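The following exercises are to be worked with the sequence and the coordinates at hand. Each task is followed by a solution in steps.

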Amino acid sequence: MASDDNRPDPDDLLAQIRESEDRAARGKLRIYFGSSAGVGKTYAMLLAARMQKATGVDVVAGVIETHGRVETGAQIGDLELLPQADVQYRDRTLKEFDLDGALARRPELLLVDELAHSNVAGSRHAKRWQDVEELLDAGINVYSTLNVQHLESLNDVVGGITGIRVQETLPDTFFDSADEVVLVDTPADELIARLQAGKVYLPAQAERAGRNFFRKGNLMALRELALRRTADRVEDDVQAYRVDRSIGHVWKTEAGFLCCIGAHENSNHVVRSAARLAQQLAIGWHAVYVETPALQRLESAQRERILRTVKLAEELGATTAVLYAQEIAPELVGYARQHNLSKLLMGHTREQAWWKGPTLAYRLTQFAADLDLIEVGRGQSAQTQPERPSRTEGTVDEQVGVRAVPYLWTVGACALTTLIAHPLQPYFALANTVMLFLLAVVGVAVRLGRGPAVLAAFLNVAAFDYFFVPPTLSFSISDVQYLFTFAVMLGVGLIIGQLTAGLRFEARAATHRERRSRALFEFARSLSSVLMREQVIEVTEKTVAVEFRAKARIFALDMQDRLEVPMPGADDDGIDLGTAQWAMNHNEAAGLGTDTLAGSAWLYLPLTTPMRARGVLAVKPEDVRLLLVPEQRQQLETFAALLAVALERVHYVEVAQSATVQMESERLRNSLLAAVSHDLRTPLASIYGSSELLVQQTRGLSPAAVDLAQGIASGARRMNAMVANLLDMARLQSGSVQLNLQWQPLEEVVGSALQAVAAIVAGHRIVTAIAHDLPLLNFDAVLIERVFCNLLENAAKYTPPGSTVTISARLSGDEVVTTVADDGPGLPPGREEALFEKFARGERESATPGVGLGLAICRAIVEAHGGRIWVDAGSGARERRGARFHFTLPVGIPPDPPAPELDYQGNLGEAR
Amino acid sequence: MNESPVAVLIEDDVQIRRFVRSALEPAGWQVFEADSVRQGLVEAGTRRPDLVILDLGLPDGTGIDYLRDLRHWSKVHVIVLSARSHENDKIAALDAGADDYITKPFGAGELLARVRVAQRRAAQLGGQVDSTFRFGEVEVDLAARVVSRAGQDVHLTPIEYRLLAVLVANAGRVMTHQALLNEVWGPNRSDSAHYLRIFMSNLRQKLEVDPSRPQHLRTETGVGYRLTAGQ
């Protein structure tokens with residue numbers, strides 16, 4: 001027990017083993033990492049590549065950005081350059097790295113410069129690092145380069161230092177998964193000198209800011225960042241190494257922290273800070289966004305931005321979740337407790353107006369005083385606003401029209417209220433009339449929502465003042481206390497309106513949620529009742545068409561594990577098996593709205609189950625925006641998961657059915673064999689026996705009758721041999737033959753075989769030449785005797801009487817080669833292999849009887865013993881005339897021989 | 001013993017019964033037929049046969065059941081009729097007390113040869129005790145424990161001699177591997193089945209004219225060995 005400390009955690013070891021298995025098949029990635037452009041990354045990469053090439057490695061340069069630098073260009077030297085692919089974009093042809101070319105070329109090592117590069121629109125992947133990912137998956141080693149400012153988690157820090165924010169970023173997870181990182185370092189002064197000498201290429205967007213960027217202070221800061229990041233990585237490597245070598249417990253299984261994603265604009269910054277912190281602490285982290293009804297009401301552009309932040313967190317290595325709750329704080333605390341996270345990280349809480357209640361941070365401390373709360377800076381406000389979805393003029397008008405309608409209704413409702421209240425004036429006090437107006441506000445709020453409720457509150461106050469408060473038909477008032485009435489009336493109207501509208505909104509949200517879960521339930525129920533794949537596909541296509549207003553097609557796996565192209569239907573244009581296959585292989589969504597082939601009209605979702613992917617669901621929505629709403633997308637993914645489980649279930653039903661059929665046919669075959677064996681042989685035995693008896697007892701029979709009896713006897717004998725062969729073959733093929741392996745001398749079985757075929761080979765001369773030093777062999781004597789009998793019968797059958805048949809056996813390496821050779825006419829050449837197939841014979845139409853099963857049986861028997869059988873046709877050279885059949889048996893390790901014993905005379909018994 | 005010998009034939013196929021009867025009767029046998037285990041036992045009990053010919057597959061039981069029952073009270077020579085490729089059935093029948101087997105389909109000549117072996121064995125068991133046994137050029141003097149071949153003494157090791165003696169004592173019968181192992185090495189040596197084959201090979205080297213094509217020390221493939229004296 002005391003030694004437990006230095007024993008690695010089995011889970012960790014398992015994770016390590018899995019990782020190394022993954023890695024073994026994957027290519028290795030080395031990143032040349034530098035603080036800024038011009039430090040010499042490409043140069044260093046080329047240098048290393050050429051050294052690899054000198055040692056015989058197959059190196060190909062996939063893409064090299066020399067930016068016109070002569071020294072770097074010279075370093076390419078004799079390296080093979082992969083031609084670039086032409087990508088058609090709009091009306092221009094652009095050059096881009098040729099991923100398919102690289103995959104087809106399959107070099108050992110591929111150079112891919114500028115890892116963070118964004119591919120030209122229309123390429124397979126949006127980013128070059130995704131190309132590299134695919135190359136690594138294909139087992140190709142890759143060298144690449146990267147500047148520190150392109151690292152996702154450092155992107156905004158560098159932006160803060162230099163004032164330039166680059167758009168091309170690389171997820172940290174990818175950087176961390178690189179097998180090696182080589183830091184290429186150049187001191188700031190030297191870099192500035194190189195800049196002045198014109199040796200540093202500045203990208204276009206940096207040209208303007210070039211002077212600012214290459215200030216010494218900036219360069220030193222960038223250098224520090226690059227060094228630090230590399231140092232962090234090296235530390236990770238050391239830790240991984242220590243875990244590998246089981247040097248104590250370094251791996252912290254300690255819980256990570258929870259990053260709260262808020263609705264504010266700079267939540268990206270918070271997420272990046274969290275990622276950096278997690279990386280420095282080497283712990284895992286979660287990021288969640290809690291959507292409250294209030295947040296749900298945000299504009300969809302804002303909501304999309306928040307969900308993009310969630311995605312960013314995922315790319316940076318977080319476990320993410322989107323939760324729905326009435327209030328944020330308890331939900332966060334619940335999540336943290338559930339996942340054993342002891343720290344909460346969030347952006348600074350701003351001062352908040354008093355009516356909004358306590359801040360989130362305060363609420364959190366109220367709910368869980370034991371949780372640590374980390375507040376991080378929010379950063380400056382974002383420079384890049386998400387572009388607003390552009391709308392055409394027509395839709396703007398339409399939208400205005402749609403929006404105006406409830407307000408017109410509101411005005412009408414207020415007018416109606418006034419009309420109803422007016423004739424009642426003499427009978428009711430003014431206070432009761434106020435009630436009527438308030439009722440109208442509630443009605444409007446319930447029917448028409450928040451905005452109209454506000455309008456109704458104001459309109460009603462105005463109408464009340466104008467028509468009811470003396471002096472009537474004027475806004476002036478006689479009594480000041482009416483001002484108080486108006487204020488209260490307005491206040492009550494607004495509050496009731498807000499509350500009612502809120503209720504209405506929540507009721508609607510609940511309805512939507514309920515509708516979604518009902519749809520899921522219905523889908524699950526209809527899937528659960530089907531038993532065939534076609535039905536699953538039909539149910540899915542119908543449901544998706546109703547729920548998502550989209551066409552759906554399913555690529556399912558067939559029994560051979562290939563993707564099956566769905567039945568062609570209407571509107572199938574643009575559907576592509578290749579993309580589906582990609583999604584399936586990479587277990588990632590592809591097509592519309594994803595990172596891969598975003599230009600496609602179809603969205604391809606892999607159907608993943610715990611066992612494996614079962615196919616791909618392709619969806620083509622009528623309105624693209626319908627699928628981009630997060631809830632809809634999530635719903636679709638849940639559908640896909642249900643569908644995957646249904647497909648898997650159906651698959652296993654098929655497997656079980658085919659197993660049952662197989663068992664049934666096996667049973668049938670066995671009983672058929674038994675029946676044939678008995679029912680066919682018994683009559684054969686009496687035919688043969690009786691006819692042979694007739695032949696022997698020739699007294700009283702005419703010679704012609706004796707001939708006939710002889711014919712019957714030999715026919716019965718042949719038929720019996722045939723039945724025996726058929727039964728043997730059937731038994732051998734069904735795999736129901738159990739070898740009765742015994743250690744025994746080969747000589748013995750040769751003797752018994754010769755005895756068995758004595759009558760058939762009587763007209764031939766048989767010579768045996770079996771080497772005396774043969775070891776005991778482990779074989780089934782009955783079956784090997786069959787092999788000898790068949791070979792001998794064949795030899796007798798196909799050679800003229802008087803020919804010599806030689807049986808020889810000798811030791812050759814770790815097997816014994818046995819040969820049955822004759823000096824007959826040999827076999828037609830070129831058919832050596834076909835002879836061993838069922839129903840094959842040397843000549844096509846032969847007068848010699850016998851179903852061509854003998855050699856097929858020989859092969860089955862010999863192969864069951866782990867040997868080989870083949871033939872020399874021997875119809876060529878004269879000295880090698882005659883067919884020579886060879887077969888081998890493995891030698892194995894024979895058991896110990898008995899100890900030598902003394903005979904009666906005291907001599908050793910082995911003397912012969 | 002002037003009476004003709006008696007054979008009981010237990011077989012459920014009428015045609016085979018008819019053919020076996022017509023093969024045996026000309027050779028002087030009196031044949032009684034039975035088509036089931038039960039009737040076969042009755043016949044064997046009442047007719048006091050010199051020979052039982054038994055089919056292994058019968059409508060009311062197997063030949064093995066029959067043999068177990070029969071061996072409680074009779075030592076009569078039993079020849080089993082069996083199908084080829086059912087070596088386990090043959091071994092089970094021999095272990096249960098059968099003396100010989102013949103594989104279907106068989107000819108009258110083959111059957112009569114086996115019947116003659118049975119007759120000779122019966123004569124030996126009942127007749128005078130002859131201490132010498134001859135096969136081919138070989139003479140075994142069981143009293144003097146001397147083996148000679150063409151008049152020349154042959155040196156055998158104790159185990160070789162013991163094996164030969166067991167085969168001689170059961171001449172004409174098929175001895176299963178297991179039975180021979182039990183007789184020669186004792187009942188607990190079934191793990192060294194290959195010993196038997198090695199000693200058998202040695203015996204053939206010393207006693208057969210062409211050891212690779214033995215005439216007397218015959219192999220019954222998959223079943224055991226048999227010493228044949230005739231031909």
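**Exercise 1. Describe the polar and charged pairing between chain B and chain A, and locate the elements of chain B that take part.**

Solution. In this predicted model, eight residue pairs are in polar contact across the interface of chain B and chain A, both residues being at pLDDT 80 or more. On the side of chain B that touches chain A, at least two residues each come from α1 (14-24), α5 (108-126), α6 (158-169), α8 (193-207) and β13 (217-220) of chain B. The largest share of that side, 11 residues, is supplied by α8(B).

Turn next to the charged pairs. The rule finds two salt bridges across the interface of chain B and chain A. A salt bridge joins Glu748(A) to Arg197(B), with the closest N and O atoms 3.8 Å apart; this pair qualifies because the cut-off is 4 Å.

**Exercise 2. State the extent of the interface in residues and in area.**

Solution. Begin with the residues: chain A contributes 48 residues to the contact and chain B contributes 45 residues. For the area, recall that interface size is often expressed as the accessible area lost when the parts come together. Between them, chain B and chain A bury about 4,000 Å². Carbon and sulfur atoms account for 54% of this buried area.

**Exercise 3. Characterise chain A as a whole.**

Solution. Chain A contains 27 helices and 24 strands. Of its 912 residues, 42% are buried. Among contacts in chain A with a separation of 6 or more, 70% are between residues 24 or more positions apart. The exposed area of chain A is about 48,200 Å², and carbon and sulfur atoms supply 56% of it.

**Exercise 4. Place Leu424(A) in its surroundings and classify its exposure.**

Solution. Leu424(A) is found in the loop between α16 (393-421) and α17 (430-448) of chain A. Its relative accessibility is 31%, so Leu424(A) counts as partly exposed. Leu424(A) also belongs to a nonpolar surface patch with Leu416(A), Leu419(A), Ile420(A), Tyr427(A) and Phe428(A). Together these residues have about 660 Å² of accessible area.

**Exercise 5. Which residues does Leu373(A) touch, not counting residues up to four places away in sequence?**

Solution. First locate the residue: Leu373(A) lies in strand β13 (residues 372-376) of chain A. Leu373(A) counts as partly exposed because its relative accessibility is 30%, between the limits of 20% and 50%. The residues touched are Leu344(A), Met346(A), Ala361(A), Leu364(A) and Thr365(A). As for Ala361(A), it is 12 residues from Leu373(A) along the chain, and their C-alpha atoms are separated by 7.9 Å.

Methods. Residues numbered from 1 in each chain as written. Chains lettered and ligands numbered in written order. Predicted model: local features only at pLDDT ≥ 70, side-chain atom pairs only at ≥ 80, totals over all residues. Heavy atoms only, no water. Helix = DSSP H or I, 4+ residues; strand = E, 2+ residues; numbered from the N terminus. Buried < 20%, exposed > 50% of the residue type's maximum accessible area, 1.4 Å probe, protein only. Contact = heavy atoms within 4.5 Å. Areas by Shrake-Rupley, 256 points an atom, 1.4 Å probe, with all protein chains shown as cover. Patch = residues over 30% accessible without salt bridge, like charges linked within 9 Å, V, L, I, M, F, W, Y side chains within 5 Å. Salt bridge = Lys/Arg side-chain N within 4 Å of Asp/Glu carboxyl O. Buried area = accessible area lost by both parts, 1.4 Å probe. Polar contact = N/O pair within 3.5 Å; in protein donor to acceptor, adjacent residues only side chain to side chain.
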